[in-house]
Amino acid sequence: MMKRWFGLLGLAALWGLPAPAWGQDEMTFDDTGGGDEMTFDDTGGGEETGGETGGETGGETGGDLAGLLGAAPTTTSEEPVEEAVIDTSALPEPEIWAVQQSYVLRDGRFELTPTYGISLNDPFVTHNAFGIKLGWYITEVLGIGASFQWYQGLDAESEDNFHIPRSFRLVVPINEYQLGANLHFSYVPIYGKLTIFNEWIFHWDCFIEGGVGFLYTRPIPVVDPEVRTFDFGIRVAANIGIGARIFITKFVAVYIQYLDFMYMERLENLAIAPSETTDQNDNDCEDANGCWATSRYNDSTWLGESKFTNDMMLFVGASIFFPFTFDYEYPK
Amino acid sequence: MKATKIVLLVVLASLGFSAAPRAARAQEIQLEGPLAGAPAVRRMVLYREGRFFLTPSVTFTILDTYRRHMLFGAKAEYNILDWLSAGIYFGGGFGWRTGIADQINDLGIDDVPGQDYDLNFPLRGHVDNQLGQLQWLGAVEGRVIPLRGKFSLFGKLFLAMDVYVNLGVGIAGVKERGTTDCSAQVTGPSCPQDDYLPMETRVAVGPSFGGGVTVYFNDWIGLNLEYRSTPFTWNQSGTDEYGESEVVLDRKIDSNDRFLAWNQMMTIGCTFIFPFTAERTN
């Protein structure tokens, strides 16, 4: 009877045995069990390699370097193995380097960049702009592109425009932008990566850019605003700048750029023509009203000098590269 | 007795069942090979941690309306951690007129018929007697260096770099137009007819913030580029701006005429790092 009880207790205890871990890795990397088909043992024992080459090269085994240096002494598994000292000084410089793949490739991809820009160097009027830029990379580092900016309605006059005329009787001619369009060449000389507190890594690049385009501008009447109005006109502008992209993914990047537009700006004439006639056919400059040629209403007297102008803009935006994916030429 | 045995058997079986371990259904992923347990960066050069930076620098103010300034100085900082440092900056220098100030200087009240003197409008060639000047600037600041990494230049030159932001307190020595009271409209010592009272100096205090980049050429020398803003109020134009309205001013040059200015500047410097050898991580 007691035996039966012990038997029952034993059965109950069996429930307590640990069950097999079903998720356990069943693959083993234990190489002590033969490795008949493939072996990386270069100590001379490989039957397939040693056996095949042995007849032709006197039992030469080992790696590629040994092959380059000619026949090595035949060894057998019973003999002690001597490590071969290989002089690599006579070998040519390696032509293949171990280089990590670039996170993002630009070659052959398009880049679409919506931007917002703000002028930096005009203390009287701040020119703000929404823009769009489309680029295409001819190579990894060379690209071409076109951009468009819309300024009108976004300009902001500063308080200096009020204080300086009030204090110094000095009227500073200012201008308004409507739009701009430009063609660019881009070159990417700098590529790098950064860690944030040694936790997250992101890649970035830096590019320089130059090109030509135009700005569509007009003077804001400040000298004789009661009479003068101006139409927009095209000003051919060269541009040069530097920028950077911080890649969030392989096709999205934060974009920042400094760009200097250099052009000849038409400014409002600081002098007001003396006569008051509104008759365009009045050619008698001797009478009291004066003549049309010297009239403040004659728009040919409104524009003054052209002045070389630097419009330094800071753009921020987001770059979207497409196609979104790309293939590396070499495997990782 | 039989019933007791059955109950005892059921209890024993239940205990055994409850003691059985759960089967491991989630596979444990174990990274094997040489990268198992390895840090994100091996042998990382600790350019900052525990080291002292000394950066002789030149600073240019930017976006100035009346006067640009160039300050020669130095920045000293001790790096408590690789991402945290504290330091001081001091620079002193000189300034020169902007294009607008040149125009004001060339015009002068002399050109206004029947008016010899105006509190705001200087005589021709005298604008320097009223424009504010930044004589020196100092700052005590903490610095956080969240970004560090490396970059290649033309695919040939590989350099390490970090990016930081700083925040602290700035103090500035400014020279402004002396307090001038012409409210009585009477010419006298406090309201000179054709001359200026001496400029007055004072110390202005404000926050100081910015950010920059340091590029390391080796363990102990680098290039530093920094943006800084130290906003405080001062009278840069030396003009009367305060009064009952925009057109009725109080005809006094005093502290009421000061405006808040951002006082933005760019600094470029050469950083020397002590001790000369940086430690490496494992």
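## Aromatic rings and their partners

A:Tyr216 is partly exposed, with 28% of relative accessible area. Welcome to a predicted model, in which we will follow the aromatic rings and return to this tyrosine shortly.

Across all chains, a search of the whole structure turns up 27 aromatic pairs. One of them joins A:Tyr151 and A:Tyr177 edge-to-face, with 5.1 Å from centre to centre and 90 degrees between the planes. A:Tyr151 sits in the loop between strand S4 (142-150) and strand S5 (156-157) of chain A, while A:Tyr177 belongs to strand S6 (residues 174-196), so this pair ties together parts that are 26 residues apart in sequence. A:Tyr151 is buried, at a relative accessible area of 0%, and A:Tyr177 is buried too, at 3%.

Now back to A:Tyr216, which forms a stacked pair with A:Phe232: the centres are 5.7 Å apart and the planes differ by 20 degrees. Here too distant parts of the chain are linked, as A:Tyr216 is in strand S7 (residues 200-220) of chain A and A:Phe232 is in the loop between S7 and strand S8 (233-247), 16 residues away. A:Phe232 has 16% relative accessibility and counts as buried, because the cut-off for that is under 20%.

Chain B has a cluster to look for: ring pairs link B:Phe52, B:Trp220, B:Phe274 and B:Phe276.

Rings can also have a charged end sitting over them, as in these two cases:

| Charged residue | Ring | Charged end to ring centre |
|---|---|---|
| A:Arg296 | A:Tyr297 | 5.7 Å |
| B:Arg143 | B:Tyr164 | 4.8 Å |

Note on methods:
Residues numbered from 1 in each chain as written. Chains lettered and ligands numbered in written order. Predicted model: local features only at pLDDT ≥ 70, side-chain atom pairs only at ≥ 80, totals over all residues. Heavy atoms only, no water. Phe/Tyr/Trp six-rings, centres within 6.5 Å; stacked < 30°, edge-to-face > 60°. Helix = DSSP H or I, 4+ residues; strand = E, 2+ residues; numbered from the N terminus. Buried < 20%, exposed > 50% of the residue type's maximum accessible area, 1.4 Å probe, protein only. Lys NZ or Arg CZ within 6 Å of the ring centre and 35° of its normal.
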